[in-house]
Structures are given as C-alpha cells and as structure tokens.
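Open the model in your viewer and keep the sequence panel visible. The tour goes from one selection to the next and says what is found at each stop.

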Amino acid sequence: ELESVFDFPEELQGMTIRLADSENRVLFSTEQEEIGAAVPEEIAASLGDNGTRSTLTHKNLITTDFCSNGWKVICTIPLKIIMKDRDSAVFYTIVFSLISVGIFLLISFLLFRMISKSLNVLFDKLSEKAELDRLSGLLNKIAYEEQVTELLNQRADDEHALMVVLDVDRFKPINDNLGHARGDEVIAGLGRMLDASFSERYLIGRIGGDEFSVFTLYTAENRVDMRQGVDRILAELRQKFITEFKKENESFGTSMSAGVVLMEEEKDTFDKLYKKADRALYTSKENGKGRTSWYGEVNR
C-alpha cells in the first residue's frame with residue numbers, strides 16, 4: 001500500500017522518499033535497506049522542527065514536510081541529477097521544489113490516513129497475539145487472569161462465579177518417554193478440544209505447563225443447569241481426550257482431571273477462585289485421577 005503511493009512518474013526517478021518518525025527513525029523509504037535505520041546525518045541536520053522547508057546541501061536538495069503527529073516526509077534529490085544540464089539547473093530546481101511541495105503535502109495527508117489505519121489494525125493484531133499462548137492458542141496466564149478479574153469487577157449483583165482448573169494426568173511420562181515434541185502435541189490438542197467444547201460465554205486460558213482453566217458467570221436461577229452443563233462438557237471432553245491420545249492412555253494411564261468451584265461471595269477474587277478450584281483438582285488426583293471434583297462436595 002505504501003509503495004503504491006510512491007508510484008511517481010519517470011522524471012522523479014532518482015528521488016529518495018523517506019517517512020521518518022519524531023526520533024528520525026526511517027519507517028518507509030524507497031531505498032529498502034534504510035527502513036528501520038536512522039535518517040542519514042547530513043539529511044537529519046537539515047530537517048528543522050516543523051512546517052515545509054527545502055534545503056540545499058553540497059550533495060542533495062532536501063525537502064521536508066512535517067505531519068501533525070511529528071512524523072516527516074523527506075524527499076532527497078542528488079544535485080548531480082539536478083545539475084546534469086547546467087543551462088536548465090535553475091529551472092529544474094524550481095520545478096522539483098514546487099512538485100515536491102505539492103507531492104509531499106498530498107503524500108503527507110494520504111500517508112497519515114493510510115498508516116494510522118494500518119497501524120491501528122497492526123496494533124490490534126499484536127495485542128491479540130500478545131494475549132494468546134503460542135502452543136495452545138488460548139489466553140495466556142496473564143491475559144486470562146486480567147480478563148477474569150475484569151469480569152468479576154463488572155458483574156451484576158445477581159451474578160456468581162464458576163471456575164474450572166484441569167490438567168493432564170501422568171503428563172511427565174509422555175515427555176520422558178515420547179519426547180517434549182509429543183508433549184507439546186498433547187497440550188495443543190487439549191487446547192483445541194477446550195476451545196471447541198466450551199461456548200463463547202466461557203473464558204479459557206492456559207495457566208502453565210499442562211494446566212488449564214475455564215471461567216464464567218452464572219445467576220442463582222441457572223445454577224443447577226450450569227453445574228449439569230459443566231459436568232457433561234467435562235465428561236465428554238475427558239472421553240475425547242482419551243480417544244485422541246489412546247496410545248498415551250494405554251501406555252501411561254494418561255487422562256484428564258478437573259476441579260470446579262461455584263462461588264457466590266460478593267468479594268470473589270481470581271486468587272480465591274483459583275485456590276479452591278485447584279484444591280478440588282487435587283482431590284480428583286487423590287481419588288484416582290480421570291475425574292471431576294467440585295469444591296466442598298463429593299467427587300464425581
């Protein structure tokens with residue numbers, strides 16, 4: 001998109017056009033190797049602070065136009081190109097200066113709009129990627145905790161919290177015997193299953209290692225339905241996991257255990273929910289693994 005803006009006519013070939021930020025770092029240049037580097041010292045010294053200006057050095061004619069955000073469009077034309085016909089030197093200088101000013105004003109406006117839009121999209125994508133765990137494709141621990149905390153702080157008076165903490169039973173033998181690459185495949189596979197099993201009303205994150213967590217809000221009226229639904233989803237998920245990783249299940253007893261907590265306190269926090277759900281998970285482990293336990297209740 002940026003290169004199409006600089007699709008100028010043949011008489012402007014030989015001109016170098018740069019887009020630089022307020023720190024004189026080259027964001028775009030017709031000289032590809034300059035991108036990311038600092039503006040050359042000779043050119044940087046002639047830039048000034050604002051407005052549109054043209055400067056003649058012993059090597060180049062430099063025209064600069066400042067954008068409202070402090071970025072600048074810099075046009076550099078080597079004097080040897082301008083002066084190759086001495087009889088026309090003054091004419092070319094005037095023509096190029098006038099053309100440059102017009103082009104730069106137009107380009108500044110177009111670039112500012114185009115780059116602002118492109119950067120917003122890029123920042124959104126980078127922000128989204130920064131929140132995701134690379135291996136599982138789910139929220140990473142920091143993003144998951146932040147979003148759970150935000151929902152807890154914003155919930156209505158009649159809304160309560162549910163959290164699931166689950167992990168892979170006998171995950172270490174997979175890494176030890178089949179290699180870490182296979183262990184990564186198990187983590188990625190469970191991440192995909194979790195994402196497919198729980199609807200968009202649930203937040204799902206990878207806490208670390210082979211441990212995952214799921215969170216949602218519910219009301220007192222749908223407490224029973226919520227509990228039955230989560231029980232059903234976890235049972236189906238466990239069966240899918242065992243089927244998908246049948247070899248690991250037969251060789252090492254690999255399965256999936258979960259702990260769940262329902263809390264109706266006004267001051268629920270992420271740490272409170274996580275500790276109780278994790279305690280329920282530990283109960284599942286103590287009672288033979290491959291099952292779901294609800295905090296404060298008999299195992300299932």
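Select Phe198 first: Phe198 is buried, with a relative accessible area of 4%. Here buried means under 20% relative accessible area, exposed means over 50%, and partly exposed is in between, with a 1.4 Å probe and protein chains only as cover. Phe198 sits in the loop between α7 (180–197) and β7. Helices (H or I, at least four residues) and strands (E, at least two) are DSSP runs, numbered from the N terminus. Now add Val230 to the selection: Phe198 and Val230 are 32 residues apart in sequence, and 8.8 Å separates them in space, C-alpha to C-alpha.

A note on the source: this is a predicted model, in which local features need pLDDT of at least 70, side-chain atom pairs count only at pLDDT 80 or more, and totals for chains, interfaces and linings use all residues. Residues are numbered from 1 along each chain as its sequence is written, and side-chain values use heavy atoms, with hydrogens and water left out.

**The largest pocket**

Keep Phe198 and extend the selection to Leu132, Gly137, Leu138, Leu139, Asp195, Ser199, Glu200, Tyr202, Leu203 and Ile204; together with Phe198 these residues line the largest pocket. A pocket is an open set of points on a 1 Å grid over the protein atoms alone, where a 1.4 Å probe fits, with protein on both sides within 12 Å along at least five of seven lines; lining residues have an atom within 4 Å of a point. The volume of the largest pocket is about 170 Å³, counted as the space filled by probe spheres set on the points, which are joined across faces, edges and corners. Colour the lining by residue class: 7 are nonpolar, 2 polar and 2 charged. In this scheme Ala, Val, Leu, Ile, Met, Phe, Trp, Tyr, Cys and Pro count as nonpolar, Asp, Glu, Lys and Arg as charged, and the others, Gly among them, as polar.

**Strand β7**

Select Gly205, which lies in strand β7. Is Gly205 buried or exposed? Gly205 counts as buried, at 0% relative accessibility. Add Leu194: the two are 11 residues apart in sequence, with 9.4 Å between their C-alpha atoms.

Then select Arg206 and Asp133, which form a salt bridge with the closest N and O atoms 3.2 Å apart. The pair links distant parts of the chain, 73 residues apart: Arg206 belongs to strand β7 (residues 203–208), and Asp133 to the loop between α4 and α5 (141–154). Both Arg206 and Asp133 are buried. A salt bridge is a side-chain nitrogen of Lys or Arg within 4 Å of a carboxyl oxygen of Asp or Glu.

**Further salt bridges**

How many salt bridges are there by this rule? The count comes to 11. Go to Asp268 and Arg155, whose side chains meet in a salt bridge (3.3 Å, N to O). This pair also links distant parts of the chain: Asp268 is in the loop between β9 (255–263) and α10, and Arg155 is in the loop between α5 and β6 (159–169), 113 residues apart. Asp268 counts as buried at 6% relative accessibility, and Arg155 counts as buried at 13%.

For a local pair, select Asp176 and Lys172: their closest N and O atoms are 2.7 Å apart, in a salt bridge. Both lie in helix α6 (residues 172–178), 4 residues apart, about one turn of the helix. Lys172 is exposed, with a relative accessible area of 57%. Next, select Asp167, Asp169 and Lys285, which are joined into one network by salt bridges that share partners.

**Loops**

Select Asn24, in the loop between β1 (16–20) and β2 (26–29). Asn24 is not a glycine, yet has a positive phi of about 60°. Asn24 is partly exposed, with a relative accessible area of 22%.

Lys289 lies in the loop between α10 (270–286) and β10 (292–294). The phi of Lys289 is also positive, near 65°, in a residue other than glycine. Lys289 is partly exposed, at 35% relative accessible area.

End at Ala220, in the loop between β8 (211–219) and α8 (223–244). Ala220 is partly exposed, with a relative accessible area of 46%. Add Glu264: the C-alpha atoms of Ala220 and Glu264 are separated by 8.7 Å, with these positions 44 residues apart along the chain.
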